[in-house]
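Here is a quick tour of a small set of local features, written for someone who likes to see the cut-offs. Have the model open while you read.

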Amino acid sequence: MKDMAGLSGFPLLPEKSSVLKMPIPAFALKYYELKRLEYFDAGIHRIHIFHCLHKESISNGHTLANVHQYYAQWRLVQRMPLQIFFR
């Protein structure tokens, strides 16, 4: 495995996040700063519970997400907007 890459290898905004002072990716549209409160295991999954310390919108734009087939189908049945690209 490779060593972790330094921050200089990533495009970052000049300012840091408001509460935790973490670097923000240059392409971020918004960000949430979270504090993990607890977690529990449910079968093969580990469920984490967070408290939102801060959320901020940086700019508007489109995002790319990988959506599970069943969730996409539910959105279509509910007549919710869904832009789908097939590969």
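The notes below go through strands, a buried acid, a ring pair and a few accessibilities.

First, the ground rules. This is a predicted model, so to speak of local features pLDDT has to be at least 70, side-chain atom pairs count only at pLDDT 80 or more, and totals for chains, interfaces and linings use all residues. Residues are numbered from 1 along each chain as its sequence is written, and side-chain values use heavy atoms, with hydrogens and water left out.

**Strands and hairpins**

Helices (H or I, at least four residues) and strands (E, at least two) are DSSP runs, numbered from the N terminus. Two strands pair if DSSP finds at least two bridges between them. Strand S1 (residues 12–16) runs antiparallel to strand S2 (residues 23–25), with 2 bridges, and Leu 12 has Pro 25 in S2 as its bridge partner. Their hairpin has 6 residues between the strands, and Lys 21 takes a positive phi near 55° there.

S3 and strand S4 (residues 45–57) are also antiparallel, this time over 12 bridges. Tyr 39 sits opposite His 48 in S4. With 2 residues between the strands, the S3 and S4 hairpin has Gly 43 at a positive phi near 65°.

**Glu 33 and its surroundings**

Glu 33 belongs to strand S3 (residues 30–42). What is the nearest side chain of opposite charge to Glu 33? That would be Lys 21, 7.4 Å away, and Glu 33 is buried yet has no salt bridge. For charge, Lys and Arg count as positive and Asp and Glu as negative, while His and the chain ends are not counted. A salt bridge needs a side-chain nitrogen of Lys or Arg within 4 Å of a carboxyl oxygen of Asp or Glu.

The acid does have polar company. A polar contact is a pair of N or O atoms within 3.5 Å; within protein, one must be able to donate a hydrogen and the other to accept it, and residues adjacent in sequence count only if both atoms are side-chain atoms. Here are the ones around Glu 33 and Ser 17:

| Atom or group | Partner | Distance |
|---|---|---|
| Val 19 backbone nitrogen | Glu 33 side-chain polar atom | 2.9 Å |
| Ser 17 side chain | Glu 33 side chain | 2.8 Å |
| Lys 21 backbone nitrogen | Ser 17 side-chain polar atom | 3.1 Å |

Ser 17 is found in the loop between S1 and S2. It counts as buried because its relative accessible area is 3%; the scheme is buried under 20%, exposed over 50%, partly exposed in between (1.4 Å probe, protein chains only). Leaving aside neighbours within four places in sequence, Ser 17 is in contact (heavy atoms within 4.5 Å) with Met 22, Ile 24, Tyr 31 and Glu 33.

**The salt bridge and the ring pair**

The structure holds 1 salt bridge: the side chains of Asp 41 and Arg 46, at 2.7 Å, N to O. Arg 46 has 45% relative accessibility, so it counts as partly exposed.

Rings of Phe, Tyr and Trp (its six-membered ring) pair if their centres lie within 6.5 Å; planes under 30 degrees apart count as stacked, over 60 as edge-to-face and the rest as tilted. That rule gives 1 aromatic pair. Tyr 71 and Trp 74 are stacked, 6.0 Å centre to centre with 20° between the planes. Both lie in helix H1 (residues 69–77), 3 residues apart, about one turn of the helix. Tyr 71 is partly exposed because its relative accessibility is 41%, and Trp 74 is partly exposed at 42%.
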